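Open the model in your viewer and keep the selection panel at hand. The stops below start with the whole chain and then move to single strands and residues.

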Amino acid sequence: MKKNVVISLMGVQRYDETPPDVIELVTQGQLHEEEDGALVLTYEESELTGLEGTRTTLRIEGERVVMLREGELNTQMIFEEGQRHLSLYETPYGTMSIGVRTWSLFIEMDSSGVELEMDYAVEVEYSTAGRNTFRIQVREVSSRKGSEEDVEFDSEGQGAGGKADPAGL
């Protein structure tokens with residue numbers, strides 16, 4: 001059964017000799033468990049993230065996370081602690097090969113929701129393009145009025161947040 005959830009995302013992108021770029025976003029999505037035990041989280045990107053027209057799906061498979069983006073941007077990124085995975089990153093401007101080296105991966109799931117933190121580097125043509133930390137908290141939408149979990153959303157399903165750089169998240 002799919003559950004409606006509130007997703008809080010925070011990303012920090014670090015590039016050589018520039019200050020970190022911090023992105024925060026609250027949005028709506030759906031969470032369900034598949035027959036094999038994997039948890040699947042899906043949400044629509046927006047203009048705010050720079051990925052409008054793209055659906056992001058995070059599949060949590062034990063000690064590994066697979067991120068699939070489909071739409072204006074298409075990619076599959078695999079996050080597995082201590083591992084490097086290659087994938088194609090398709091944009092309207094062309095396709096490139098990227099590597100994702102995951103330094104650490106933290107996953108916690110309980111009755112209150114899901115917490116996920118990934119520290120990883122993105123490599124383009126075998127050169128590090130940046131180091132990223134991605135934190136996500138997922139909570140089921142509360143039906144109680146006035147609860148601390150209630151969040152107001154705009155017409156695109158987006159809550160408060162900042163601008164995003166699509167390459168890091």
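Show the surface of the protein chain: about 9600 Å² is exposed, and carbon and sulfur atoms supply 46% of that area. Accessible areas come from the Shrake-Rupley method with a 1.4 Å probe, and for residues only the protein chains shown count as cover. This is a predicted model, in which local features need pLDDT of at least 70 and side-chain atom pairs count only at pLDDT 80 or more, while totals for chains, interfaces and linings use all residues. Residues are numbered from 1 along each chain as its sequence is written, and side-chain values use heavy atoms, with hydrogens and water left out.

Switch to a cartoon view. The protein chain has eleven strands and zero helices (DSSP runs numbered from the N terminus: strands are E, at least two residues; helices are H or I, at least four). Of its 169 residues, 41% count as buried (under 20% relative accessible area with a 1.4 Å probe, protein chains only; exposed is over 50%, partly exposed in between).

Next, select residues 84-91 and 94-110, which are strands β7 and β8. These two strands pair in the antiparallel sense over eight bridges (strands pair if DSSP finds at least two bridges between them). They form a hairpin with two residues between them. For one bridge, pick Arg84, whose partner in β8 is Arg101.

Add residues 113-124, strand β9, which runs antiparallel to β8 and is joined to it by twelve bridges. Here too there is a hairpin, with two residues between β8 and β9. Pick Thr102 to find its bridge partner in β9, Tyr120.

Now go to Arg59 in strand β4, residues 54-61. Is Arg59 buried or exposed? Its relative accessible area is 18%, so Arg59 counts as buried. Its side chain makes a polar contact with the side chain of Asp36, at 2.4 Å (N or O atoms within 3.5 Å; within protein, one must be able to donate a hydrogen and the other to accept it, and residues adjacent in sequence count only if both atoms are side-chain atoms). Leaving aside neighbours within four places in sequence, Arg59 is in contact with residues including Glu34, Ala38 and Val65 (contact means heavy atoms within 4.5 Å).

Finish at Ala38, in the loop between β2 (21-33) and β3 (39-44). Ala38 is buried, at 4% relative accessibility. Beyond four places in sequence, its contacts are His32, Glu33, Arg59, Ile60 and Glu61.
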